[in-house]
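Subject: Handover of a structure and the findings from it

Dear colleague,

Please find the structure below, together with its sequence. My account of what was found in it follows, and I would be grateful if you read the two side by side.

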Amino acid sequence: MGPKVSRSRALGLAPAQGEFRPEPFILLLLQHRMASDSMEIDDSLYSRQRYVLGDHAMQQMARSSVFLSGMGGLGVEIAKNIVLAGVKAITIHDTKQCETWDLGSNFFIHKDDVSCQRKRVEAVCPRVAELNPYVHVDMSSSSLDDNTDLSFLRKYQCIILTEARLHLQIRINDYCHAQSPPIRFIGCDTYGICARVFCDFGEEFEVSDSTGEEPKEIFIQSITQDNPGVVTCMDNHPHGLETGQCVIFREVYGMDQLNDTIRKISVLSPHSFTIGDTTLLCPYAHGGFVVLVKTPKMYTFETMEKQLCDPQVVIPDLSKPEAPLQIHVAMLALDNFQQQHGRLPDIKHLQDTDILRKLTEEVSSTLTNKPPLNSELIRCLARTAKGVLPPLAAAVGGLASQEALKAITGKFAPLQQWFYIDAVEVVSPLQSVPVEEFYPRGDRYDGLRACIGESLSLELQKLRVFMVGCGAIGCEMLKNFALLGVGLGKCSGEVIITDPDLIEKSNLNRQFLFRPHHIQKPKSTTAAEATLDINPDLQIDAHLNKVCPATEGIYSDSFFSDLNIVVTALDNVEARRYVDSRCLSNQKALLDSGTMGTKGHTEIILPNLTESYNSHRDPPEEEIPFCTLKSFPSVIEHTIQWARDKFENAFTHKPSLYNSFWQSHCSAEAVLQRMRAGESLEGSFQVMKLLSRRPGRWELCISIARLKFEKYFKIKALQLLHSFPLDTRLKDGSLFWQSPKRPPAPIDFDLQDPLHFAFIVSTARLYAEIYNIPYTEKDLSEEVVGKILSGVAVPQYQPTDKSIVTDETAKKTEIKLATSSEDEREAIEQLEKAIATNGITPETLQMISLQFEKDDDRNGHLDFVTSASALRARMYAIEPADRFKTKRIAGKIIPAIATATAAVAGLVALELIKVVGGYGFESFKNCFFNLAIPVMVLTEPAPVKKTLIRNNIYFSIWDCWTVFGHHDFTLSDFMNAVREKYGIEPTMVVYGVKMLYVPVMPGHSKRLKLTMQKLIKPSAERRYVDLTVSFAPETEGEEDLPGPPIRYYFSSGGEKP
């Protein structure tokens, strides 16, 4: 059982101000017990989830209790996700005893639980409680049936039933629906290859935010004085609004009556919309923006009993629009089958399929909209109903858990009201497999075997998988591997995993294999150990490496040749692209997935069947123009990025440059001698400036911070207004300072302003750190800081004629490390002075370069960025961001929640089974989902494209032609070999960026006689190179034709690893 926590602490609390702060990696439990009675959220644990749900929803969860019945594979998935999310309390209910069967579906039941004949709920409860000490986890094994008094359910805000018969679900749903307020009800089931989720949140369920998307500022180009008035967006940027939504106006000039008013809009185009009558308003002059106003939305639900005959369903697979209704009737028929026979259909009873088909026809006749009978679905359901597909339970468990969080928070649009999904494609190709293969054998794989048979189960056990990344998706994938029996040592299978990262506290909220005592341990080795607790028979080899060009010696072609499949569990695009290129080169299937908040995607990449990950590129993220960042910010993202850039420049790049300079020069005297001799040393001017301005004590760090304040927030504004007075006009007569440009207002320093004080202290702390200057807690006090500041001489502003960049297309130029002769003379003088005053010591020739770390609240990094950004926002009259939002933007944090991670990993693992089975292209599905809306779209992967070279010679991205050579093999021999083997004339040969043969290049014809060995100069261990070759066009004068890479082996035996 997990520790009991008070209502006010159920959300996860940080210590109150003034309390003792323990070291960062002390057990999470200790922190919890020291928490105050406030409702402050423990950001170090929940930060990624807070960005998904928001604080209000998190606090709602902290007040909510959930009842969850059924501790099979689906129930334990839901329990895991809800406890990780952080509800106040959950009661898990189950009446069954642990069986060997459960080991293949419930990752929290172990062998000793079966041998000791424990109840499932007793085995699962303490392990679920370990996931989040903030949540009170209770258990119940009381009977729950038609005779149970349901009044005990009133203390819960949400009821979730799994493994419950339909008539019991209907009874409990009716009870919940009749309460005031209604208890939110969710019923979900998986039977073999079919799954369903049903939601009833009452007749009036209010949702505060249907999508969770953050409203953006939409800048205005013009507003007509008309009925209706038309608003056109700046630079034809799409507004992304929908008819019927409301917007609020801000900072409009001329038609200023609109400011702070809310108008309902009607969309005209992606760049314009109407706002009602504006004829009585003053004419629009310039400027302004609108922001979407989110308004609560009411949803209405019917009971399950009312919905049975006319269900409201979500259609996940648009290629099978009738599937949800077909599964609906088939699963209702399955319940009738159990009512009549007291059991589920069994593959041993051949007549069961016919009985289920007849019952399905009977159920279908009662529906308002009668779907066509799907005989294949019914056959597959009848054969597998007793079985379990763990990945399907994971996918559906993720979705059902998110619905439970919606039920108790009112955040995101709820499911209305049924979700159905099937995995027919997993079992349909197994029709010809002998039925005996599906019979139970008394081991942990009986549930899986009932769905996919013994042969395919064995193929999974023999699998050699390489998984890159052991974060949230990686943990979920390892769980799925363990339940499926992927990579068993006794079958010569293996799961190889790698991740260079260490576990952080924020990981514990969704990377469910990790616990507080694992913090600062490697993810890969820790995840491997935890996975073996689920299934000790797995063979796991855990590495701590990145997969990148630098590690190709480890993850070589020979390494890839021993693999069956590669799985990515990565959080960045570039790493995915690299792994994809290695899979492409080595002809290996790749299963990719990712999440962002409630959104998730899966992509299946199969040799010679599909496009690769690199075949499509998302549009590059729009960069903030340099001049916008430097002088003309208009939104808070600009000021946060500016502050982050200031941090990188002052505390990362400059110290790195300084250290690099002194590491490459033996002494200050030697440097001075070379500079006096007129030698230009790279970076010398910047380094000498840093040396001459090096503070030696805390007081000077405060002084630097004060001068930085003056420069950033006063002098910058005064200089901009000097260069561009408020009445400045452009060539077309329009005002220079108009939306989105905001004129700055200089800020006078005020020590009594908390924001000013925060900037001074955080800046001084960072300077003290890079120069290794000690300071005490007292040095940070307002009294000491104020006393130091009183003695700081702040120079008066003097206008300059310095040019200010206004061109938005201009890029930031690289800093010139070598500068003018005057600068060089100044550098020499600074170094001479430092040497003369004994200012050169090993300590003064070294600085500490800081790497921005967003998750350590004690290092002052985020303090600096937050205060600097907020001051700049104040200077430009931009609404500031709090520390929480600043952390997300500055730290480039990807919002994350366990529900989406579980769902995405489950969907990938389903495709893994198909890959291992060698299924045809039409069986595979890519997926995109957004659990917030909720929507799930399953589509076929993009088929590989074939490119015609000529004369019916085609190639695809998967093709790689080969030529085997020898030590004396010449370039001419290579070209002849290509011509003879592939029937097409090579015209150009390139190796990387080196052109080996281009006919028009002078002297290249002589290269034909040179050996490939001499031209390429391979390293001793290099067996082959991939060459880019162009081919002669059919008609003279046309461009050369592209072809696949040609892999040239330096010896005839080179193909062997």
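Glutamine 417 is found in the loop that runs between α12 (390-409) and β17 (418-422). The peptide bond that joins glutamine 416 to glutamine 417 is cis, with an omega of about -25 degrees. Please bear in mind throughout that this is a predicted model.

Unusual backbone geometry

A second cis peptide bond is that between serine 739 and proline 740, where omega is about 10 degrees. Proline 740 belongs to the loop between α23 and α24 (754-770). These bonds deserve a remark because most peptide bonds are trans, and most residues other than glycine have a negative phi.

Which residues other than glycine have a positive phi? One of them is serine 492, with phi near 65 degrees. Serine 492 sits in the loop between α15 (472-484) and β19 (494-498). Its relative accessibility is 57%, so serine 492 counts as exposed, the cut-off for that word being over 50%.

Another is lysine 892, whose phi is positive and near 50 degrees. Lysine 892 is located in the loop between α28 (883-890) and α29 (898-916). With a relative accessible area of 59%, lysine 892 is exposed.

A positive phi also appears in a glycine: glycine 678, which follows helix α21, has a phi near 90 degrees.

The buried side of helix α21

Helix α21 comprises residues 668-676, and its buried residues are Ala668, Val671, Leu672 and Met675. Why do they lie on the same side of α21? They do so because they cover an arc of only 100 degrees around the axis.

Salt bridges

How many salt bridges does the model contain? The count comes to 57. Three of the pairs are described here.

In the first pair to be described, the side chains of arginine 379 and glutamate 376 form a salt bridge, with 2.8 Å from N to O. Both residues belong to helix α11 (residues 375-384), where they are 3 residues apart, or about one turn of the helix. Is arginine 379 buried or exposed? Its relative accessibility is 13%, so arginine 379 counts as buried, given that buried means under 20%. Glutamate 376, at 24% relative accessibility, counts as partly exposed.

The next pair is glutamate 454 and arginine 441, whose closest N and O atoms are 3.7 Å apart. This salt bridge links distant parts of the chain: glutamate 454 is in helix α14 (residues 446-462), and arginine 441 is in the loop between α13 (424-427) and α14, 13 residues apart. Glutamate 454 has a relative accessible area of 13% and is therefore buried.

The remaining pair is aspartate 855 and lysine 887, whose side chains meet in a salt bridge of 3.2 Å, N to O. Here, too, distant parts of the chain are linked: aspartate 855 lies in the loop between α26 (821-836) and α27 (861-875), while lysine 887 lies in helix α28, 32 residues apart. Aspartate 855 is partly exposed, with a relative accessible area of 23%, whereas lysine 887 is buried, with a relative accessible area of 4%. Asp855 and Lys887 also belong to a network of salt bridges, in which they are linked with Asp43, Arg48, Arg50 and Asp55.

Charged patches on the surface

Which residues form a patch of negative charge on the surface? They are Glu203, Glu204, Glu302 and Asp310. Aspartate 310 is placed in the loop between α8 (304-307) and β16 (313-314). Its relative accessible area is 39%, so aspartate 310 is partly exposed.

There is also a positive surface patch, made up of Lys630, Lys654, Arg693, Lys711 and Lys802. Within this patch, lysine 711 comes from helix α23 (residues 698-723). Lysine 711 counts as partly exposed, at 45% relative accessibility.

When you open the structure, you may wish to begin with the cis bond between glutamine 416 and glutamine 417, and then turn to the network that includes Asp855 and Lys887.

With kind regards

How values were computed: Residues are numbered from 1 along each chain as its sequence is written. This is a predicted model: local features need pLDDT of at least 70, side-chain atom pairs count only at pLDDT 80 or more; totals for chains, interfaces and linings use all residues. Side-chain values use heavy atoms; hydrogens and water are left out. Buried means under 20% relative accessible area, exposed over 50%, partly exposed in between (1.4 Å probe, protein chains only). Helices (H or I, at least four residues) and strands (E, at least two) are DSSP runs, numbered from the N terminus. The arc is that of the directions from the helix axis to the C-beta atoms. Patches are made of residues with over 30% relative accessible area and no salt bridge: like charges are joined within 9 Å, nonpolar side chains (Val, Leu, Ile, Met, Phe, Trp, Tyr) within 5 Å. Accessible areas come from the Shrake-Rupley method with a 1.4 Å probe; for residues, only the protein chains shown count as cover. A salt bridge is a side-chain nitrogen of Lys or Arg within 4 Å of a carboxyl oxygen of Asp or Glu. Lys and Arg count as positive and Asp and Glu as negative; His and the chain ends are not counted. The place of a charge is taken as NZ of Lys, CZ of Arg, CG of Asp or CD of Glu.
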